[in-house]
Structure formats: structure tokens, C-alpha cells
Amino acid sequence: MKKFIHGICFFLLPLSIAVLSAVIYYDIVLPEQFNVVEGQPFHLDGPVSAAEVPLYGAGRGVRASAQLTAGSSYTASLKLLGVFPVKAVRVNVVDDRMVIPCGTPFGIKLFTAGVMVVGMTDIDTAGGASNPAQRAGIKKGDVIEGIDGAAVNTNEEVAKKVEQSGGKVMDFRIRRNNITFDVRFTPARSVTENRYKAGIWVRDSSAGIGTLTFYLPAGGVYGGLGHPVCDVDTGEVIPVSIGEAVPAVIYDVTKGANGVPGELRGGFEKGSLGDILINAETGIYGHMTQPPAAGSAFGGKPIPVAMKQQVQEGPAQLLCTVSGNQPEWYDINITGLKYNDAVPTRNMVVEITDEALLEQTNGIVQGMSGSPIIQNGRLAGAITHVFINEPHKGYAIFAENMLKTAESVQDAALEPAA
């Protein structure tokens, strides 16, 4: 009997540890709230299931999701394997959000709010090599917002103020990691150039090509790219002062290879699509002057946005432009899902399965970011990153995450002026 009991304990102990570890893991990675479309039940695929907590006073067997309208919320209990409690989450009932998927290329022109420090360089002073900016504590990736109380937004403004300083102490207003502070700064005179310099390289603008993801017909707001535009030298998100979205055309493709990302090569065309208001973690957003032109592969009709729990592992389609400016349909497979809100741009793992697209690009390449993913008639998400060593695979963002940012732009436009 003792051997039997010891055997049971030997079996149950690691099982209990495994269950406890899984419960802790899912408690961390699953968000505290979900959205569900009015009239639809809240459901999760996988080892964790959801059960609605009965509403007070509701009839027996009546589901909360069946009787609540948009704007309401209820509580659901998440359980591992339908048995072990994980956490209680809030479920918000929302309207079906309709958007027009795009898949068309667009040009991005950004002008920074302030100027970004992208590099350091020593100055040949009479006393030897010196870097006054580094000595003052300025770092690569810092944003210079102002000098001596006056705002600066261009490289020329910074250079002019430093040159005209006469070597006197200057006050630099610096933003670093969303914290703003002042730095006392003394320029140095270059012997060879005979002028005062700061010892920094700065950038005031950026440009590139990405893919439009969707357009909100109701407010004229668009979303694209699925991730922020970052400076090529610092890797920091570029703070936007003003920006413009312009038409673009793809004229060539550099195929991806293991260890080397490919690229869609294109150019800007005449005209303007609209402004760029936000360079956010989830993409580029602004207002369009007119609805996007319908591509040959899609009729321009609105479709609903999938809530994250509605996205499933399995087949889906990618709306993407790899030549010209007209998107086409391509087959992909969603192989992994991550609900964790901590990394909102890497929610799905996707694999390109379409032979035609693989022949043209060898998988996911730069410039495809923002290409919409359609599954079961809903906008599920958009491509964001490529796996460098497996170019046929990459990450994608949930469309729900992009929609949240786009609606914040729309809501801001509707707010009355103070």
C-alpha cells in the first residue's frame, strides 16, 4: 500500500507543478479584458476556455452575451482545460466595426517634433579632440526640442544657433524616453572650420514606403504599416511634428534570403493621400483626403474587424502589392497566436504558403508591413516583421490593436475645440 501511495504522489507532484506553472503562465500572458461583438458569445480556442459569469437577476441559462448591447460589459471566468481557474476578465460588448482593407503601397514623409540626435563626432579644437555634447550628457537617440527657450525643428536651426552662440553656455531642452529635461551645453570651436559646433549629427525628417492596412469610411481615418517608423541609426521611434502620406508605386523586388531581409523597391508619385498625425507603436495614422482607390483584387467594400479571440490558427489570405500599385490576394497560414498586450505588434506568427508570392519575394520583405490579413470574411491583422533566418515566416499585429489607435484619431477629430 505504501508503495502504491508513494507511486501516486510521485505521479501527482510533477503534474501539480505543471498545472500550477501553466496557470501562472496564462494568468500573465492573457489580457485583463477582451472585446466581443454584440450578439456573439465570448470564446477562446486552445487549452484555456471561457465561461460567462451569470448576471445578477438574469434568468437561468440566459447568457450575458445574449442580452447585453454595445457599451455594456460582463465578467468571464477563464479556466485551464475547463477545470483549473486562471483569472476573471472583463468582456466589453462592442458594435461590429467596419473598415475597407487596402493593401496598397503608400509613401511616408515625416518631419520630426524637434530634431533627433543620430550620432556623435569629435571636434578638432585648439586643445585637441573634444565632444561638448557628449560631455554635457547628450546621448544618441535624444530629441532636442529647444535651445535657449526657442523651439527647434530643423537641422539648420540647430546649426545656426550653435554657430552664433559665440561659445557661450546654452540651454538645450532634451526629451529622452518620454522624459523632458534641460542640459547646460557649451559649444566648441573647430580649428579647421573656424566655427562653433556641437559635436552631434541630427535628423529632422524621414521618408519611406509601407502598405496601407485599412480605411475607416465613417471618419476618413486610415491605418498603415502596423509598427512605428523608427530612425535607421538609433532605432528610436521618430516623434512626428507634421507628416504626409503620398501615393507610391512598386517597381522592383529584392528577394529575401536567410539572414538578409528582402525589400520592395518603389517611388513616390505626384499628389497627396492625406496627413500623418501619429507615428504610434501600432503604425502610422492620419486622415485621407478621399477613400483609397479599389484594387483589382478587392472591390473596396467594408468588412468587419475580427476581435483578437476570433482570429484562429489556420488558412488566411494576404492582400498585398508587390508590383505597381494594385493589390492581389495571396494564401498564408496563421501558425501561432499571442494575446499578450505587452507586445501589440507581434500577435500572430504567419507563414507565406502562396507559390506565386514565394516566387516573387521568397516570403515577407520590407515594404510589405501593413499588408492586411483576411480570415473568415474579417480583417484579422497586418504583417509587421519578417523572421530574418526564415523569410517565409514573420509576425503580424491584430487588426483590433490598430483599430483602437485609429479610433483615437477619429475621436480626437470629433472633440469640440476648447
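Which residue in S25 is the bridge partner of Asn333? The legends below concern a predicted model, and the second of them returns to this pair with its answer, Glu351.

**View 1. Six strands close into a barrel.**
In this predicted model, a closed barrel is built from six strands in the order S23-S24-S25-S28-S27-S26, and the pairing is antiparallel. On average, neighbouring strands of this sheet are turned by 45° against each other, direction ignored. Strand S23 covers residues 314-320 and pairs with strand S26, residues 372-375, in the antiparallel sense. Two bridges make up this pairing. Leu318 takes part here, with Ile373 in S26 as its bridge partner.

**View 2. Strand S24 between S23 and S25 in the barrel.**
Strand S24 spans residues 328-337 and runs antiparallel to S23, to which seven bridges join it. Within this pairing, Ile332 in S24 stands opposite Ala316. Strand S25, residues 348-352, is likewise antiparallel to S24, and five bridges connect the two. The residue asked about in the opening question appears in this view: Asn333 has Glu351 in S25 as its bridge partner. As background to such views, side chains in a regular strand alternate between the two faces of the sheet.

**View 3. An open sheet of four strands.**
Four strands form an open sheet in the order S1-S4-S3-S2, with mixed pairing. Its edge strands are S1 (33-37) and S2 (48-52), each of which pairs on one side only. Neighbouring strands of this sheet are turned by 40° against each other on average, direction ignored. Strand S3 (residues 73-80) and strand S4 (residues 84-94) are antiparallel and share eight bridges. In this pairing, Thr75 is found opposite Arg90 in S4.

**View 4. The edge strand S1 beside S4.**
S1 and S4 run parallel and are joined by five bridges. Val37 stands opposite Val94, the latter being in S4. S1 is mostly covered, since four of its five residues are buried.

**View 5. Nonpolar cores and the surroundings of Leu78.**
The largest nonpolar core comprises 44 residues. Phe42, Leu78, Leu318, Val350 and Ile373 are the residues with the most contacts inside this core. Leaving aside residues up to four places away in sequence, Leu78 touches Leu30, Phe42, Leu44, Val48, Ser49, Ala50, Phe84, Pro85, Val86, Lys87 and Val89. A second core, separate from this one, has 20 residues, among them Val94, Val221, Leu403 and Val409.

**View 6. A cluster of aromatic residues.**
Seven aromatic pairs are found in a search of the whole structure. One aromatic cluster is formed by Phe34, Phe42, Tyr339 and Phe398. Phe42 is also among the residues with the most contacts inside the largest nonpolar core. In general, a pair of aromatic rings is described by the distance of the centres and the angle of the planes.

**View 7. A salt bridge between Glu407 and Arg97.**
Side chains of opposite charge can pair when their charged atoms come close. The structure contains 16 salt bridges by the rule applied. In one of them, Glu407 pairs with Arg97, and the closest N and O atoms are 3.6 Å apart. Glu407 belongs to helix H6 (residues 399-414), while Arg97 lies in the loop between S4 and strand S5 (98-101), so this salt bridge ties together parts that are 310 residues apart in sequence.

**View 8. A salt bridge between strands S11 and S12.**
Arg184 and Asp171 meet through their side chains in a salt bridge, with an N to O distance of 2.8 Å. Arg184 is in strand S12 (residues 179-185) and Asp171 is in strand S11 (residues 170-176), the two residues being 13 apart in sequence. Are these partners buried or exposed? Arg184 has a relative accessible area of 57% and is exposed, whereas Asp171, at 30%, counts as partly exposed.

**View 9. A network of charged side chains.**
Arg195 and Glu193 form a salt bridge in which the closest N and O atoms are 2.7 Å apart. Arg195 is partly exposed, with a relative accessibility of 31%, and Glu193 is partly exposed at 37%. Through salt bridges that share partners, Glu163, Glu193, Arg195 and Lys197 are joined into one network.

Technical notes:
Residues numbered from 1 in each chain as written. Predicted model: local features only at pLDDT ≥ 70, side-chain atom pairs only at ≥ 80, totals over all residues. Heavy atoms only, no water. Pairing = 2+ DSSP bridges. Axes fitted to C-alpha atoms, helices over the stretch in contact; angles between N-to-C directions. Core = buried A, V, L, I, M, F, W, Y, C linked by side-chain atoms within 4.5 Å. Buried < 20%, exposed > 50% of the residue type's maximum accessible area, 1.4 Å probe, protein only. Contact = heavy atoms within 4.5 Å. Phe/Tyr/Trp six-rings, centres within 6.5 Å; stacked < 30°, edge-to-face > 60°. Salt bridge = Lys/Arg side-chain N within 4 Å of Asp/Glu carboxyl O.
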